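The following paragraphs lead through a single protein model, beginning with individual side-chain pairs and widening step by step to the whole chain. Please keep the sequence and the structure in view while reading.

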Amino acid sequence: DRHAAATDEAINESHDRLMVALAVSYANPIQEHLAYVGALYAGGSIGRNPLPIGAALINPPPDGYPQLDLARLKRSAEVVAQVPNVKPIAIAAHRYFVAISERARPADKLIDLVIAIEALTDESDLKRQRKRLVQLLAGGVLSDQKIREDFTLLKHARNNIVHKGKIAPNVDSLAGIARMYVDLAIQAAVREAIQAAAAADQASSY
């Protein structure tokens, strides 16, 4: 059992680093999970004229699949390899890709993306989340006040969905804003972790 757990952990570590490397490399959706869709027959009955779901799974998107730049991905993987503890960032990356590639409803996208921000900030309270998000994104094109205002809207919209079942009319737009913040925050978290590790190494060398 210990050997199996250690093997799983080793596999998950590599997978986590790959997901984070992909997240900092590409804005295109990357689908981590494949959902199998099949016809359902009940009571031994056979459906008439079943939908041709096979073609939907086999045919490529109208604009083709996104091109994978292996050299760019390798450079990103080398950067991510410098992050000592990649797990919190990986949780956000997993949620990020689930939201943009596997969720059909904007409300579900928003929930996943706000969870990703929670993983990146290591906080669940609104005020502490806002403070940490501002800290992560400081010095960028967005002002501190803009970040606080946007995240407050996102958090309240997410809470209304989860706790009250109320979906805002502009939830699609809110999900798009949340995606932008998660994208920026993942990149910022990687940079911060590498800088912290370098500072710790420098301090220990004195």
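In this predicted model, the side chains of Arg17 and Glu13 meet in a salt bridge, with a distance of 2.7 Å from N to O. Both residues belong to helix H1, which covers residues 2–25, and they stand four residues apart, about one turn of the helix. Arg17 is buried, with a relative accessible area of 19%, a value that lies under the 20% limit for burial, whereas Glu13 is partly exposed, at 30%.

A pair that can be set beside this one is found in helix H7, residues 144–164, where Asp150 and Lys146 are likewise four residues apart and therefore separated by about one helical turn. Their side chains meet in a salt bridge of 3.4 Å, N to O. Here the acidic partner, Asp150, counts as buried at 10% relative accessibility, while Lys146 counts as partly exposed at 39%.

The side chains of Arg105 and Asp108 form another salt bridge, at 3.0 Å from N to O; Arg105 is exposed, with a relative accessible area of 55%, and Asp108 is partly exposed at 22%. Elsewhere, Arg95, Arg103 and Asp112 are linked in a network of salt bridges. The structure holds eight salt bridges.

Moving along the chain to the loop between H5 and H6, one reaches Asp122, a residue that has a positive phi of about 55° although it is not a glycine. Most residues other than glycine have a negative phi. Asp122 counts as exposed, because its relative accessibility of 68% is over the 50% limit.

Helix H6 itself covers residues 126–137, and its twelve residues reach 16 Å from the first C-alpha to the last, close to the 16 Å expected at 1.5 Å a residue. Its N-terminal end is capped by Asp125, which places a side-chain oxygen 3.2 Å from the backbone nitrogen of Lys127. After the helix comes Gly139, whose phi is positive, near 90°.

Which residues of H6 are buried? They are Leu126, Gln129, Arg130, Arg132, Leu133, Val134, Leu136 and Leu137, a list that includes Gln129 and two arginines, Arg130 and Arg132, alongside the leucines and the valine. The buried residues of H6 pack against helix H5 (106–121), H7 and helix H8 (171–204).

The H7 side of this packing can be followed through Phe151, which lies in helix H7 and counts as buried at 1% relative accessibility. Leaving aside its neighbours within four places in sequence, Phe151 is in contact with Leu126, Gln129, Arg130 and Leu133, and also with Ile117; those first four residues are among the buried residues of H6. The C-alpha atom of Phe151 is separated by 9.0 Å from that of Ile177, a residue 26 positions away along the chain.

From these local views one can turn to the interior. The largest nonpolar core has 50 residues, and those with the most contacts inside it are Leu110 and Ile186. H1, helix H3 (70–80), helix H4 (87–101), H5, H6, H7 and H8 each supply at least two residues of this core, and the largest share, twelve residues, comes from H8. Leu110, apart from its neighbours within four places in sequence, is in contact with Leu154, Ala157, Arg158, Ile161, Val171, Leu174, Ala175 and Ala178.

How many helices and strands does the protein chain contain? There are eight helices and zero strands, so that, read along the sequence, the chain follows the pattern α-α-α-α-α-α-α-α. Among contacts between residues at least 6 apart in sequence, 74% join residues at least 24 apart. Buried residues make up 33% of the 206 residues in the protein chain. The accessible surface of the protein chain comes to about 13,200 Å², of which 56% belongs to carbon and sulfur atoms.

Note on methods:
Residues are numbered from 1 along each chain as its sequence is written. This is a predicted model: local features need pLDDT of at least 70, side-chain atom pairs count only at pLDDT 80 or more; totals for chains, interfaces and linings use all residues. Side-chain values use heavy atoms; hydrogens and water are left out. A salt bridge is a side-chain nitrogen of Lys or Arg within 4 Å of a carboxyl oxygen of Asp or Glu. Buried means under 20% relative accessible area, exposed over 50%, partly exposed in between (1.4 Å probe, protein chains only). The expected span of a helix is 1.5 Å times one less than its number of residues. Contact means heavy atoms within 4.5 Å. A polar contact is a pair of N or O atoms within 3.5 Å; within protein, one must be able to donate a hydrogen and the other to accept it, and residues adjacent in sequence count only if both atoms are side-chain atoms. Accessible areas come from the Shrake-Rupley method with a 1.4 Å probe; for residues, only the protein chains shown count as cover. A nonpolar core is a set of buried Ala, Val, Leu, Ile, Met, Phe, Trp, Tyr and Cys residues joined through side-chain atoms within 4.5 Å.
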